[in-house]
Amino acid sequence: MAEQVDVVVIGMGPGGEHVAGGLAEAGLAVVGVEAELVGGECPYWACVPSKMMIRAGNLLAEARRIPGMAGSARVDADWAPVAARIRDEATDDWDDRVAADRFTGKGGRLVRGRGRLAGPGKVAVGDEVFEARRGIVIATGSKPQIPPVPGLDAVPYWTNRDAIAAKEPPRSLLVLGGGAIGVELSQVYARFGTRVTVVEAMDGLIPAEEPEAGELLAGVLRAEGLTLRTGTRAERVRHDGDAFVLELADGSELTGDQLLVATGRRADFSGLGLDTAGLDPSVKALPTDGRMRVAPGLWALGDVTGHGAFTHVAMYEADIVLREILGREGPDADYRALPRVTFTDPEVGAVGLTEKQARDKGLRVRTGLSKVPDSARGWIHKAGNEGLVKLVADAERGVLLGATAVGPMGGEVMYGLAVAVQAEVPVTTLRHMIYAYPTFHRGVEDALRDLGA
């Protein structure tokens, strides 16, 4: 016999936990199902611990910028405090007791195991079956996407989880993938003394973003001693017990003590029982409407919806699901101003459409570009002032479609641009605002000037 409950949430990552906790606080009978750790990827292996690593690496970089500006400095990198902080402060040594207690303290019931749909309105977890009166929420996240490189399945490569949990940095590191995860972790390890080589099949780094941002970041990383191999694919991998050997399409070989695979993430619907709900189990993402509904009584949120593998997207969608299930008013999902930040140094903040994405939609666009070193604040900042602002405007409607802010605190500068894209603030209004002097965000004014009439 199935146990009757109000809602079952499959996957207790940031979005799933938010929905399950909010529904439980509202007095509903809620079952949260989690196969790993309550809280998901973000607090244990991604957003939080990686930014702790990045913070430590940035401190080393800043100390190395002292000569010529503020005296002299000797920097001795030590990974031990980084590893200890990740274990003690971020992850509780990968123990989710605090998160689990937070949910059950709100009145929810936590069930450990892998949930699967078992027919309309039903979820099975092992031998237990729950029937949801109000509905089911799928929030099962994503996992690393491992490319089909011959030999890769036979070697002990790292994913982001291994890189985060490492107790000491390797002497040398090969990184397969030059997207956000790959470049963030590459820069951190390089700053702690690891010899890093990044291999990216596309022609530039962070290929999902503006090419100007990737080119600028590549220059910074090369100046810091990283080796970048873009526009070439890995053809084969082998491991001789001591080192990894990566054979590239151009015939060259790379060797390293460790190999990190950071070629993106994908949703995994295997074993979820989508077919029992009349859904195609081979889909790459679950199709949702503006209320995050997949089907009557079935909602999805987070990485599984295909709107971006970001915690902030999962939380945004979770709020919509909460309102929907509780019968509260609110707007439909709107992804026009989806923000994203690559937390390298310099940071790459971006929102909305890139120039290519806008042109691919058939839109007539104008672009404007400014360089951080040419601004007053960039000139003052001097060491570590690499950056740019790029604006993409709809030439017919006179509003921003997207923007990129690269530089010190690029992710923070991007916030104002996100508001402009979301609210469709006229470019003429932006051009006639007052921009505080001397700030990094004043570079937006310079980019607007370059945008032209």
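These legends walk through three close-up views of a predicted model. Local features need pLDDT of at least 70 and side-chain atom pairs count only at pLDDT 80 or more, while totals for chains, interfaces and linings use all residues. Residues are numbered from 1 along each chain as its sequence is written, and side-chain values use heavy atoms, with hydrogens and water left out.

**View 1. Helix α12, residues 410-423, has a kink.** Helices here are DSSP runs of H or I with at least four residues, and strands are E runs of at least two, numbered from the N terminus. At 1.5 Å a residue (times one less than the number of residues), the 14 residues of α12 should span 20 Å, and the end C-alpha atoms are indeed 20 Å apart. The kink is about 30° and centres on Gly416; the bend is the angle between axes fitted to the seven residues ending there and the seven starting there. Just after α12 comes Glu424, with a positive phi near 50°.

**View 2. Some α12 residues are buried (under 20% relative accessible area, 1.4 Å probe, protein chains only).** Among them are Val413, Met414, Leu417 and Val421. The buried residues pack (heavy atoms within 4.5 Å) against partners including β21 (388-394), β22 (399-407) and α14 (443-451).

**View 3. Thr344 sits in the loop between β18 and β19.** Why does Thr344 count as buried? Its relative accessibility is 2%. A polar atom of the Thr344 side chain lies 2.7 Å from the backbone oxygen of Pro346. Leaving out residues up to four places away in sequence, Thr344 touches Val183, Glu184, Gln187 and Leu217.

Technical notes:
Buried < 20%, exposed > 50% of the residue type's maximum accessible area, 1.4 Å probe, protein only. Polar contact = N/O pair within 3.5 Å; in protein donor to acceptor, adjacent residues only side chain to side chain.
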